[in-house]
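Please open the model in your viewer and keep the selection tool at hand. The tour goes from one selection to the next and says what is found at each stop.

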Amino acid sequence: MRRSLRLRRWQKEALDRFETTARRDFLAVATPGAGKTTFALTAAVRDLGRHPHRRLVVVAPTQHLKHQWSNAAANFGLHLEPEWASAEAFPHDMHGVVVTYQQVAAQPRALRGPSDDAFVVLDEVHHAGTERAWGDGVFQAFELAAHRLSLSGTPFRSDQNPIPFVAYDFEEAVADYVYGYGEALKDGGVVRPVFFPRINGQMEWSTPEGAIVSATFDDHLDRTLSSQRLRTALSPDGEWLPTVLEQAHTQLLRLRESQPDAGGLVIAMDVEHARSIQKLLKAGHGVDAVVATSDDPLASEKIADFAAGRDPWIVAVRMVSEGVDVPRLRVGVYATNTVTELFFRQAVGRLVRWSGSLRRQKAFMFIPDDFRLRTFATQIAEQRTHSLKRREEEGDQDPVDLLDQLPPEGEDQLSLFAAISATAVVDHDPSSIFDDHHPEDLVHDPALEDFSLEIELAPPPPRAGGGAEGAPGTTLTVSRTQRKRELRQANTDRVRMLTHLTGLAPEVINGRLNRESGVRSITEATVRDLERRLRAADTWIDRA
């Protein structure tokens, strides 16, 4: 059954350009929160509808994003397996798989065959240039693909390593379609205006050479001392960080008066720092903050639970810096010493997605008043101001005042030091940017939102092995990926029960059940295979 899909203007324009581009490679750069996933999955569904034999492969930066992509694809009727491993056969009952760049780099040849004439989506494709092995692996795995749709939420340049399948003009990547933060603000209802309360301070520390240095963020220091100053401010043992957390928490409580599930994100330096921030929030505000770090195997589940819940704060190192969709985030604290423009924009991107029916949805990223972060924030603020001025000229916005004008400066490298003290100096007026009637507060009426661009979307081609979900007259209530996960767990539970009832070893029981149901291995089994194996196990339990 065909259905129509309503797209934003930029998504329709990008889709039209993609489908009329003769080249196999297409790079779309769109601001975080704009809907890149919807654009990519729409393109994939339409392509698979024209070429039913094709497979779909999505490459994502993290394990958490693999599941996010799989869940989003299910809404389009696409079945993507996020648990596929390169040692297994490619799942023939699924439209494709979701893998990470790390997986591709480890076993590129395992994907080369399945990706021959496939539709490949490279999410946040700049990761393919992070390490030479990653870029080489991506090229080897997807060289023969029919289409390679590359996505990025951040404008980026090449470092030492070029990114596969991306065209360059000198050292700058050339995008086939660009939808920037400023354009999204002007359209309204896509992204939020983000404000940057900058917190100064008086920091004192000892250098590795034993010298005692005292400075504020206004003092001009070299790169090494600037990095030491920033790390001193971020120390959980000083007064600067608790003061900033208090300000951010106060603002979050204000926002929760009109949006009760509004959430806050603290980006920490490392795992130990994240735990310290969790303790500060508990001691100062009685908040049990969620902590999501890469060393925690349950981190993805914690992020998903936070996204769907009402907890006020989540503390992360890099887990929530890119691509993760938590629309209820309205307040951020940039408490990391990572000061690259790419990472800063990715972090801010977690706060920008417009969500729900509130007419005003300002977001706030509290930052140290470090000249590098100040520069990055100013660039984003200038886009915000310019876009809202255009809305004002067109009669869609109240008059706008220019904010956050500060001169740009350089970069840094880290070194060891010992923090002595850090005291925050608050030099912004809370009554200005925190006021809901501030002149740069984007006012948007969701009732006027333009989703009028409709396209006809045919269902994806069916895949064999769907089991009972594919029977006539049935309604699919969970995705095939989720159904397979549930059936695998049910099979595991039955094996445990049979081990208890019969005294046989699990490997003996598994071998017999596999032979009776014609299954080679659980990981390669289709939904229909797993259902048949479960019935065989239940019959054995009844006899036992």
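Select R54 to begin: in this predicted model its relative accessibility is 9%, and because the limit for a buried residue is under 20%, R54 counts as buried. Add D117 to the selection, and you will see the side chains of D117 and R54 meeting in a salt bridge, at 3.4 Å from N to O. D117 sits in the loop between α5 (108-112) and β6 (119-122), while R54 sits in the loop between α2 (36-50) and β3 (56-60), so the pair ties together parts that are 63 residues apart in sequence. Unlike its buried partner, D117 counts as partly exposed, at 26% relative accessibility. While D117 is still selected, look at its backbone as well, since phi there is near 65°, a positive value in a residue other than glycine.

A second backbone of this kind can be found by selecting F165, where phi is near 70°, again a positive value in a residue other than glycine. F165 lies in the loop between β7 (147-152) and β8 (168-169), and with a relative accessible area of 15% this residue is buried.

Return now to the salt bridges, of which the structure holds 24. Select R23 together with D176, whose closest N and O atoms are 2.4 Å apart in a salt bridge. R23 belongs to the loop between α1 (9-19) and β2 (25-30), and D176 to the loop between β9 (172-173) and β10 (177-179), so this pair ties together parts that are 153 residues apart in sequence. The two ends can be told apart by a surface display: R23 is partly exposed, with a relative accessible area of 46%, whereas D176, at 18% relative accessibility, counts as buried.

What is the accessibility of R372, the next residue to select? At 1% relative accessibility, R372 counts as buried, and its salt-bridge partner D370, with closest N and O atoms 2.5 Å from those of R372, counts as buried too, at 0%. For a network in place of a pair, select E81, D93, K484 and R488, which are linked by salt bridges.

Next come the nonpolar residues. In soluble globular proteins, nonpolar side chains tend to be buried together. The largest nonpolar core here has 103 residues, and the members to select are W240, W313 and F344, which touch the most other members. Centre the view on F344 and hide its neighbours within four places in sequence: the residues that remain in contact with F344 are F196, Y334, I367, L373, F376, A377 and I380. A second, separate core of 25 residues includes V99, A141 and I163, as well as F165, the residue already visited for its positive phi.

Finally, colour the model by pLDDT, which averages 83 over the protein, with 82% of the residues scoring at least 70. Among the elements, β6 has the highest mean pLDDT, at 97, and helix α14 (residues 430-433) the lowest, at 43. Then select residues 391-416, where the pLDDT is below 50, although this stretch has 69 contacts in the model beyond near neighbours in sequence. The last selection is residues 469-477, where the pLDDT is also below 50 and where the model shows eight contacts beyond near neighbours in sequence.

Terms used:
Residues numbered from 1 in each chain as written. Predicted model: local features only at pLDDT ≥ 70, side-chain atom pairs only at ≥ 80, totals over all residues. Heavy atoms only, no water. Salt bridge = Lys/Arg side-chain N within 4 Å of Asp/Glu carboxyl O. Helix = DSSP H or I, 4+ residues; strand = E, 2+ residues; numbered from the N terminus. Buried < 20%, exposed > 50% of the residue type's maximum accessible area, 1.4 Å probe, protein only. Core = buried A, V, L, I, M, F, W, Y, C linked by side-chain atoms within 4.5 Å. Contact = heavy atoms within 4.5 Å. pLDDT = per-residue confidence, 0-100.
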